[in-house]
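Biologist: Walk me through this model, please. I want to know how each feature is read.

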Amino acid sequence: EGDKLIGAQLTEGEHYIILVTKLGLSIRFSEAEVRSMGRTAMGVRGIRLADADAVVGMVVAADENQTLLIVTENGYGKRTSLGEYRLQGRGGKGVIAIKTTTRNGVVVAVKMVSDGDELIVISSNGMVTRMAVNDIRAIGRNTQGVRLMSLHTDETVVDVGKITESDEENKGTV
């Protein structure tokens with residue numbers, strides 16, 4: 001009751017899965033820890049949640065050289081190297097991915113990004129900001145982040161889209 005699917009990705013059996021919650025906790029575990037099941041199965045626990053928490057994002061990473069981008073509702077965000085997230089067993093409580101406070105709000109988006117990527121940040125009033133991932137410095141995981149988008153009163157970030165270099169190269173093709 002009340003569960004929702006927040007993501008699905010094809011993998012090759014040797015990746016890391018990272019789940020991030022709205023209160024800023026994350027867990028990284030090996031894909032090998034998730035056993036194969038039929039489509040009617042309930043699945044396995046990825047992260048143990050507090051009462052007021054919920055998973056808002058799931059990403060898959062092939063290696064520890066990638067960076068994880070986390071964006072909060074008040075326009076703050078940060079990039080952190082995947083190597084800073086220790087490998088855990090699935091089903092744990094996780095570690096702090098970003099400090100959520102009244103200043104930055106709860107987590108609304110999580111993306112695995114590379115230096116050549118660009119982001120589109122969308123607000124609740126329909127404002128859109130496009131920025132290069134290179135403009136967001138990589139910082140530690142136990143921090144609040146930096147301002148990515150200035151917002152008006154009662155406005156929040158609702159989602160973030162990622163544009164990869166290959167997307168730009170294929171622009172105009174069907």
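Biologist: Along strand β8, which side chains are buried and which are not?

Modeller: Buried means under 20% relative accessible area, exposed over 50%, partly exposed in between (1.4 Å probe, protein chains only). Strands are DSSP runs of E, at least two residues, numbered from the N terminus. In β8, residues 118-123, the side chains alternate. Leu119, Val121 and Ser123 point to one face and are buried. Glu118, Ile120 and Ile122 point to the other and are not. This is a predicted model: local features need pLDDT of at least 70, side-chain atom pairs count only at pLDDT 80 or more, and totals for chains, interfaces and linings use all residues. Numbering starts from 1 along each chain as its sequence is written, and side-chain values use heavy atoms, with hydrogens and water left out.

Biologist: Which strands pair with β8?

Modeller: Two strands pair if DSSP finds at least two bridges between them. Strand β9 (residues 128-132) runs antiparallel to β8, joined by five bridges. Strand β11 (residues 157-163) is also antiparallel to β8, over six bridges. Take Ile122: its bridge partner in β9 is Val128, and Asp159 stands opposite Ile122 in β11. β8 and β9 form a hairpin with four residues between them. Gly126 in that turn has a positive phi of about 90 degrees.

Biologist: How many salt bridges are there?

Modeller: Side chains of opposite charge can pair when their charged atoms come close. The criterion is a side-chain nitrogen of Lys or Arg within 4 Å of a carboxyl oxygen of Asp or Glu. The structure holds two. Arg79 meets Asp115 at 2.9 Å, N to O. Arg79 lies in strand β5 and Asp115 in the loop between β7 and β8, so the pair ties together parts 36 residues apart in sequence. Arg79 is buried at 7% relative accessible area, while Asp115 is partly exposed at 46%. Glu118 pairs with Arg130, with the closest N and O atoms 2.5 Å apart. Glu118 is in β8 and Arg130 in β9, so this bridge ties together parts twelve residues apart in sequence. Glu118 is partly exposed at 24% relative accessibility.

Biologist: What classes of residue line the largest pocket?

Modeller: Rolling a probe the size of a water molecule over the atoms shows where empty space is left. On a 1 Å grid over the protein atoms alone, a pocket is an open set of points where a 1.4 Å probe fits, with protein on both sides within 12 Å along at least five of seven lines; lining residues have an atom within 4 Å of a point. The lining has 17 nonpolar, eight polar and eight charged residues. Here Ala, Val, Leu, Ile, Met, Phe, Trp, Tyr, Cys and Pro count as nonpolar, Asp, Glu, Lys and Arg as charged, and the others, Gly among them, as polar.
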